[in-house]
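Welcome, and thanks for opening the viewer. Please load the structure and get ready to pick out a few places one after another.

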Amino acid sequence: MRRIVIIGSGAGGTIVANQLRGQLPEEEWEIVIIDRDEQHHYQPGYLFIPFGIYSREDILQPKKMFIPRGVEFVLDEVVRVDTESRRVECLRGSWEYDWLVVATGARVKPDEVEGMAEIFQTDVQNFYTLEGAERLRKALKYFTCGKVVLNIAELPFKCPIAPLEFLFMADWFFTTSGVRKQVELELVTPLGGVFTKPIASKALDVIAEKKGINVTPNFSIARVNAKDKTIESHDGRTVGYDMLVSVPPNFGESCIGESGLADPMGYALTNKNTLKAEKADRVFVLGDATNVPTSKAGSVAHYQAYTLVENLLREIDGHEPLPTFDGHATCFLESGFGKAILLDFNYEVEPLAGKFPFPGVGPFSLLRESLANHWGKMMFRWVYWELMMRGKDLPLENQMNLAGKVRQGAVCKV
């Protein structure tokens with residue numbers, strides 16, 4: 001009997017477990033998935049909690065609900081991976097493997113910014129943890145005037161569109177609460193604009209300006225001054241706030257770094273096209289745990305799972321992995337007032353205007369606000385629980401399709 005061990009049963013690990021179990025016979029292959037948490041968190045839902053749209057009950061489900069029959073779920077914490085002897089060491093035991101899948105996600109580290117850790121989740125709000133989202137809900141409820149600053153500490157971080165989505169929803173929330181004219185909203189970011197991709201950043205900047213959201217770009221945070229209620233940059237600039245909502249530095253899990261598999265931020269060094277680990281044989285990586293240059297988002301983990309499973313099966317059969325993952329990411333951005341924006345892009349192609357997923361038909365519109373996009377965003381929670389986490393196929397192509405998208409023409413040199 002041979003064994004595949006999967007570390008992490010978030011979105012990526014759970015999808016891979018379902019797909020592998022469907023393709024490998026139980027009498028020949030044992031599949032073990034290890035996680036330290038019994039609850040599966042629908043992380044895109046964190047952002048809806050501060051605005052009273054979702055509650056804790058809407059985003060938590062037992063992980064065992066999504067682990068297929070024939071896969072052993074082990075509740076334990078991974079300490080390190082010994083890639084020489086192919087063994088995963090946990091607090092309560094160890095597991096040898098023939099192939100390993102790393103899907104350990106990312107975590108926030110507020111202690112990377114001077115002055116932040118001491119007041120994190122009290123004076124410094126966030127929506128990147130369930131507890132933080134619930135505290136932020138109470139803070140927003142009683143906030144009637146002043147300046148809300150959303151600060152991104154550094155790159156990379158989970159769901160790059162989420163900070164702007166928070167501000168768009170805050171604009172809606174304070175407007176419907178009747179206090180918008182008394183509340184100033186500001187994005188303070190290390191980026192040169194509101195998003196990582198220039199074309200999308202330009203389009204989203206227009207929407208942000210219409211909503212009266214100020215933007216302070218190229219701000220690399222050095223410290224939080226809780227006494228003066230300011231954040232300070234490395235180049236000496238200062239921004240004041242009445243409420244600070246932070247996207248703290250994101251790092252990979254320490255067990256991956258301590259196993260010699262990661263970069264200095266703890267993200268597993270991964271071939272961006274095959275999803276093989278670069279520092280060990282018979283190890284594949286997906287989701288937020290990788291260092292590949294695309295978004296850290298559930299849609300990415302979903303697309304990656306198809307490449308990872310195909311390549312793992314190819315290695316079992318004695319063939320080389322194929323470079324089929326193109327960095328495909330699809331992200332809904334709720335913009336308030338019953339509308340949302342949709343972005344679809346990959347390593348090489350920026351988010352473009354057009355229709356998705358069916359060219360010319362939609363029903364979703366790319367890079368513009370629409371009611372259909374809003375319902376797509378709201379329906380996604382059902383899709384996540386009932387289809388994605390159960391390993392079922394969606395009507396989406398794993399690789400980005402340019403059909404239906406409005407491309408920029410080449411520059412005329414005549």
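In which loop does Leu-275 lie? Select Leu-275 in this predicted model, and you will find yourself in the loop between helix H6 (254–257) and strand S20 (283–285). Leu-275 has a positive phi of about 70 degrees although it is not a glycine. Is Leu-275 buried or exposed? Leu-275 counts as buried because its relative accessibility is 0%.

**A second positive phi**

Next, select Arg-86. Arg-86 also has a positive phi, about 50 degrees here, without being a glycine. Arg-86 sits in the loop between strand S6 (78–82) and strand S7 (87–90). With 30% relative accessibility, Arg-86 counts as partly exposed.

**The domains**

Now zoom out and colour the chain by domain. The protein is divided into domain 1 (2–105 + 253–317), domain 2 (109–250) and domain 3 (329–390). Please note that domain 1 is given as two stretches of the chain. Keep domain 2 and domain 3 in view for a moment: their centres, taken over C-alpha atoms, are separated by 24 Å. How many residues of domain 2 are in contact with domain 3? There are 17 residues of domain 2 in contact with 17 residues of domain 3.

**Two packed helices**

Show helix H1 (residues 11–23) together with helix H7 (residues 298–316). Two packed helices are described by the angle between their axes and the distance between the axes. For H1 and H7, the angle is about 40 degrees and the axes are 9 Å apart. That angle makes H1 oblique to H7. The crossing in which H1 passes H7 is right-handed.

To see the contact itself, show side chains on both helices. On H1, pick Gly-12, Ile-15, Val-16, Gln-19, Leu-20 and Gln-23. On H7, pick Ala-301, His-302, Ala-305, Tyr-306, Leu-308, Val-309 and Leu-313. If you colour these contact residues by type, you will count nine nonpolar, four polar and no charged.

**The loop between S3 and H2**

Move on to Tyr-46, which is placed in the loop between S3 and H2. Tyr-46 counts as buried, with 8% relative accessibility. Which residues does Tyr-46 contact, leaving aside its neighbours within four places in sequence? They are His-41, Ile-59, Phe-127, Tyr-128, Thr-129, Leu-130 and Ala-133. For a sense of distance, add Phe-325: Tyr-46 and Phe-325 are 279 residues apart in sequence, and their C-alpha atoms are 28 Å apart in space.

Stay with this loop and select Ser-55, which lies between strand S3 (39–41) and helix H2 (56–59). Is Ser-55 buried or partly exposed? Ser-55 is partly exposed, since its relative accessible area is 23%. Setting aside neighbours within four places in sequence, Ser-55 is in contact with Ile-49 and Arg-137. You can also draw a line from Ser-55 to Gly-10, 45 residues away along the chain: their C-alpha atoms are separated by 19 Å.

**A stop at Gln-121**

Select Gln-121, found in the loop between strand S10 (106–108) and strand S11 (124–125). Gln-121 has a relative accessible area of 18% and is buried; the cut-off for buried is under 20%. Beyond its neighbours within four places in sequence, Gln-121 is in contact with Asn-126, Thr-129, Glu-131, Gly-132 and Arg-135. Glu-134 is 13 residues from Gln-121 along the chain, and the two C-alpha atoms are separated by 9.8 Å.

**Inside strand S18**

Where does Ser-246 lie? Select Ser-246 and you are in strand S18 (residues 243–247). Ser-246 counts as buried, because its relative accessibility is 0%. Show the residues around Ser-246: Ser-246 touches Met-116, Val-124, Gln-125, Asn-126 and Asn-151, not counting residues up to four places away in sequence. You may recognise Asn-126, since Gln-121 is in contact with Asn-126 and Ser-246 touches Asn-126 as well.

**Two cis peptide bonds**

For the last stop, look at the backbone between Phe-356 and Pro-357. These residues are joined by a cis peptide bond, with omega about -5 degrees. Pro-357 lies in strand S23 (residues 354–358). Then step along to Gly-362 and Pro-363, which are likewise joined by a cis peptide bond, with omega about 10 degrees. Pro-363 has its place in strand S24 (residues 362–366).

Note on methods:
Residues are numbered from 1 along each chain as its sequence is written. This is a predicted model: local features need pLDDT of at least 70, side-chain atom pairs count only at pLDDT 80 or more; totals for chains, interfaces and linings use all residues. Side-chain values use heavy atoms; hydrogens and water are left out. Helices (H or I, at least four residues) and strands (E, at least two) are DSSP runs, numbered from the N terminus. Buried means under 20% relative accessible area, exposed over 50%, partly exposed in between (1.4 Å probe, protein chains only). Contact means heavy atoms within 4.5 Å. Axes are lines fitted to C-alpha atoms, for helices over the stretch in contact, and angles run from 0 to 180 degrees between N-to-C directions. Angles under 35 degrees count as roughly parallel, over 145 as roughly antiparallel, 65 to 115 as roughly perpendicular and the rest as oblique. A crossing is left-handed if the near helix is turned anticlockwise from the far one by less than a right angle, and right-handed if clockwise. Ala, Val, Leu, Ile, Met, Phe, Trp, Tyr, Cys and Pro count as nonpolar, Asp, Glu, Lys and Arg as charged, and the others, Gly among them, as polar. Domain bounds come from an automatic or database domain assignment.
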